[in-house]
Amino acid sequence: MTQMTRIERRTGTAFELKRGQRLIVCDPMGEQVSDLVAFGLHDRDEVISNGRTFDYQDTIYLTTGHRLYSNRSNIMLHIEQDDVGRHDFLLTPCSKDTFRILYNDDDPHRGCFGNLAAALDDYDIGADRIPCAFNIFMNVPVDGDTGRFSVQPPLSKAGDTITFRAEMDLIIGMTACSAPTSNNGTMTPIDYRID
Ligand SMILES: [Zn+2]
C-alpha cells in the first residue's frame with residue numbers, strides 16, 4: 001500500500017488519475033471538507049457536472065455505488081467505498097468573494113477556488129473553467145419542503161475515507177477546504193493516495 005500524501009490546511013493540489021486507478025481520500029483529524037473537481041486528461045473541456053450527475057442518479061446525496069458524470073454524460077468517477085455517506089455537490093468552492101460576502105473578511109483568503117485555480121494552472125486550466133465541486137465530507141442538509149439548506153459540521157470522524165475509481169483518464173483538483181463554517185471552525189489537512 002502506498003503512503004498517503006498530505007494536503008496541508010487551507011491549500012490545494014492537482015494530479016493525474018488514470019482510468020482504473022483508485023483515489024482514496026482520508027479525513028485525518030475529522031470534520032474536514034475536501035473540494036474535488038475533475039477534468040478529462042485528453043480534452044480539458046470535459047468536466048465534472050453536478051447537474052448531469054443529479055439527473056442520472058436521482059439524488060443529491062451521493063455515496064457508495066453512485067457515479068459522478070461529466071458535462072458530456074460520461075462516467076468520470078465511481079464511488080466504491082464511503083465511510084461517511086454525506087457529501088455536498090450543490091455548492092461552489094469557497095473563494096475570496098465567499099469570505100468577503102459571507103464572512104466580511106477585510107483581507108480574504110483565496111479559498112478552495114483560488115487554491116484550485118493555482119494548482120490547475122499547471123494543466124492550462126483557467127479559473128473560469130472551475131465547476132461546482134464534489135465537496136467530499138461537506139454536510140449540507142436540504143429541507144425537502146422549503147428547499148432551504150444550511151452548512152453543518154461534517155459527519156466524518158478521524159480516519160474516515162471515501163474511495164473513487166476513475167472510469168476515464170482524469171486531471172483531479174483537490175483541496176483541504178478553507179471555510180470555517182464548512183469545517184466546524186477548524187481547518188485541518190486532508191490525506192489521499194492513489195492505488
Ligand atoms: Zn472550501
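A residue is called buried here when its relative accessible area is under 20%. The structure on display is a predicted model.

**Stop 1: the zinc ion.** Select the zinc ion and display its donors: Cys-94 (SG), Cys-112 (SG) and Cys-177 (SG) coordinate the metal at 2.2 to 2.3 Å. Along the sequence, these donor residues follow the spacing C-x17-C-x64-C. Two of them, Cys-112 in helix α3 and Cys-177 in the loop between β9 and β10, link distant parts of the chain, being 65 residues apart. Cys-112 and Cys-177 are both buried.

**Stop 2: helix α3.** From Cys-112, extend the selection to residues 111-120, which form helix α3. This helix is mostly covered, with 8 of its 10 residues buried. Besides Cys-112, the buried set comprises Gly-111, Gly-114, Asn-115, Leu-116, Ala-117, Ala-119 and Leu-120. To view their surroundings, add strands β2 (12-17), β4 (34-40) and β9 (170-175) together with helix α2 (96-103), against which the buried residues of α3 pack.

**Stop 3: Ser-182.** Return to the loop between β9 and β10 (190-194), where Ser-182 is placed. Is Ser-182 buried or exposed? Its relative accessible area is 7%, and the limit for a buried residue is under 20%, so Ser-182 counts as buried. Which residues does Ser-182 touch, leaving aside those up to four places away in sequence? Select Val-33, Met-138, Val-151, Gln-152, Pro-154 and Cys-177 to display these contacts. The last of these residues, Cys-177, leads back to the zinc ion, which Cys-177 coordinates through SG.

Note on methods
Residues are numbered from 1 along each chain as its sequence is written. This is a predicted model: local features need pLDDT of at least 70, side-chain atom pairs count only at pLDDT 80 or more; totals for chains, interfaces and linings use all residues. Side-chain values use heavy atoms; hydrogens and water are left out. Buried means under 20% relative accessible area, exposed over 50%, partly exposed in between (1.4 Å probe, protein chains only). Helices (H or I, at least four residues) and strands (E, at least two) are DSSP runs, numbered from the N terminus. Contact means heavy atoms within 4.5 Å. Donors are N, O and S atoms within 2.8 Å of the metal (3.2 Å for Na, K and Ca); water is not among the atoms, so sites may look incomplete.
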